[in-house]
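Trainee: Could you walk me through this one? I would like to start with one of the helices and then move on to the charged residues.

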Amino acid sequence: MTAHLPAARLRRAAFLGVLCAGLAVTATGCGGADPDEGTNGVGKLSADQIEDRAREAATAADSVHLSGTLVSNGKSFTLDMRLKSDGGSGEVKSQENTFQLLRVGEQLYLKANAAFWGQSEAAGKLGDKYVKVPESDPTYKQFRGFTDMDVLLDGLLGLDGKLAKGQYTKVGVTRVIQVTADKGKGGQLSVALQGTPYPLVMERAGGAGRVELGEWGKPFDLAPPAQDQTVDYGSQLPTTKDGKDAKPGPSASAGTGKATAGQGSNPGG
């Protein structure tokens with residue numbers, strides 16, 4: 001029986017070696033495996049430094065694709081927006097309506113179905129058109145923030161509470177390190193460990209939504225809609241049959257609901 005012990009020990013050692021190799025991405029106790037090997041090194045920094053690096057990377061980027069869900073005052077908003085410094089385009093869904101937003105420079109366009117415009121006299125003509133939103137109309141201030149890269153990122157990327165480093169994991173095929181605030185209650189940010197340390201996922205405090213951020217720096221075309229697909233009502237959007245303004249979409253920001261997007265506040269809260 002004693003003669004068999006060396007072979008058994010060898011088999012056990014071989015098994016542990018295979019196990020540690022399989023866990024090398026996240027483990028630190030299997031023979032001193034280094035989880036930061038082959039990364040950009042931000043995992044070695046403190047939690048506060050990692051958050052700073054992620055913000056710096058986001059601020060320096062030319063564009064981003066932002067998608068996910070935000071919760072405000074019990075209402076949920078689903079966003080799928082492509083953004084850059086001079087505008088953005090995409091879709092925003094609330095529990096009541098779905099609409100398309102397009103901003104080129106300072107000109108904002110809004111597209112939705114006829115039901116979105118309620119009892120507006122022009123509702124039947126607007127179902128498949130982009131409506132040019134005048135800057136003087138309250139709707140402009142309300143929705144411009146959804147197309148503003150700086151406003152959205154500033155509102156979304158905030159963690160609330162004492163920061164700590166979390167797990168090494170993956171977002172898609174990209175390795176990330178998580179930064180948590182107040183043990184997760186204040187939000188959680190996943191930062192890329194490969195290439196530029198971009199923020200890739202933001203889970204907001206208090207269950208206020210989860211947003212994925214990708215295609216950082218990827219160029220995309222941004223142009224006004226064709227003239228035959230655009231309706232221009234001048235200085236004011238259509239009014240309802242009873243004379244009230246047709247104000248589509250959410251009345252508060254898509255974040256905490258403390259203020260209206262575009263009026264000195266952040267849609268991300």
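Trainee: Which residues of H2 are buried?
Mentor: This is a predicted model, and in it the buried residues of H2 are Ala47, Ile50, Glu51, Ala54, Ala57 and Ala58. Seen down the axis of H2, these buried residues fall within an arc of 125°, so they line one face of the helix.

Trainee: Why would residues three or four places apart point the same way?
Mentor: An α-helix has 3.6 residues a turn, so residues at that spacing point the same way.

Trainee: And what sits on the face of H2 turned away from its buried side?
Mentor: That face carries the exposed residues Thr59 and Ala60.

Trainee: How far apart are the end C-alpha atoms of H2?
Mentor: They are 20 Å apart, which agrees with the 20 Å that the 14 residues of H2, residues 47-60, should span at 1.5 Å a residue.

Trainee: What do the buried residues of H2 pack against?
Mentor: They pack against helix H5, which covers 149-156, and against four strands, namely E7 (163-171), E8 (174-181), E9 (188-192) and E10 (199-203).

Trainee: OK, then H5: which of its residues are buried?
Mentor: In H5 the buried residues are Met149, Leu152, Leu153, Gly155 and Leu156. Viewed down the axis of H5, they fall within an arc of 165°, so they too line one face of their helix. The buried residues of H5 pack against H2, E10 and E11, and also against strand E1 (63-72) and E2.

Trainee: Stepping back for a moment, what does the secondary structure of the chain come to?
Mentor: The chain has five helices and 12 strands. Of its 269 residues, 42% are buried, and among contacts with a separation of 6 or more, 53% are between residues 24 or more positions apart. The chain exposes about 13900 Å², of which carbon and sulfur atoms supply 49%.

Trainee: Changing topic, how many salt bridges does a search of the whole structure find?
Mentor: The search finds seven salt bridges. One of them joins the side chains of glutamate 215 and arginine 82, at 3.2 Å from N to O. That pair links distant parts of the chain, since glutamate 215 is in the loop between E11 and E12 while arginine 82 is in strand E2 (residues 75-84), 133 residues apart.

Trainee: Is that pair buried or exposed, and where do the two stand?
Mentor: Neither label fits, because glutamate 215 counts as partly exposed at 33% relative accessibility, and arginine 82 is likewise partly exposed, with a relative accessible area of 31%.

Trainee: What about the one between arginine 144 and aspartate 148?
Mentor: In that salt bridge the closest N and O atoms are 2.8 Å apart. Arginine 144 is buried, with a relative accessible area of 17%, and aspartate 148 counts as buried at 14% relative accessibility. Elsewhere, salt bridges that share partners join Arg82, Glu215 and Lys218 into one network.

Trainee: And how far apart are the closest N and O atoms of lysine 93 and glutamate 91?
Mentor: They are 3.9 Å apart, and the two residues form a salt bridge, for which the cut-off is 4 Å. Lysine 93 is partly exposed, with a relative accessible area of 36%, and glutamate 91 is partly exposed as well, with 25%.

Trainee: Which side chain of opposite charge is nearest to aspartate 36?
Mentor: That is lysine 44, which is 5.6 Å away, and aspartate 36 is buried yet has no salt bridge. Aspartate 36 lies in the loop between helix H1 (5-22) and H2. Leaving aside neighbours within four places in sequence, aspartate 36 is in contact with Gly43, Lys44 and Tyr168.

Trainee: Last topic, backbone angles: what is the phi of aspartate 182?
Mentor: Aspartate 182 has a positive phi of about 50° although it is not a glycine. Aspartate 182 lies in the loop between E8 and E9, and it is partly exposed, with a relative accessible area of 40%.

Trainee: And what is the phi of glutamate 215?
Mentor: Glutamate 215, the partner of arginine 82 in the salt bridge we discussed, has a positive phi of about 50° although it is not a glycine. Its place is in the loop between strand E11 (209-214) and strand E12 (230-232).

Methods
Residues numbered from 1 in each chain as written. Predicted model: local features only at pLDDT ≥ 70, side-chain atom pairs only at ≥ 80, totals over all residues. Heavy atoms only, no water. Helix = DSSP H or I, 4+ residues; strand = E, 2+ residues; numbered from the N terminus. Buried < 20%, exposed > 50% of the residue type's maximum accessible area, 1.4 Å probe, protein only. Contact = heavy atoms within 4.5 Å. Areas by Shrake-Rupley, 256 points an atom, 1.4 Å probe, with all protein chains shown as cover. Expected span 1.5 Å × (residues − 1). Arc of directions from axis to C-beta. Lys, Arg positive; Asp, Glu negative; His and termini not counted.
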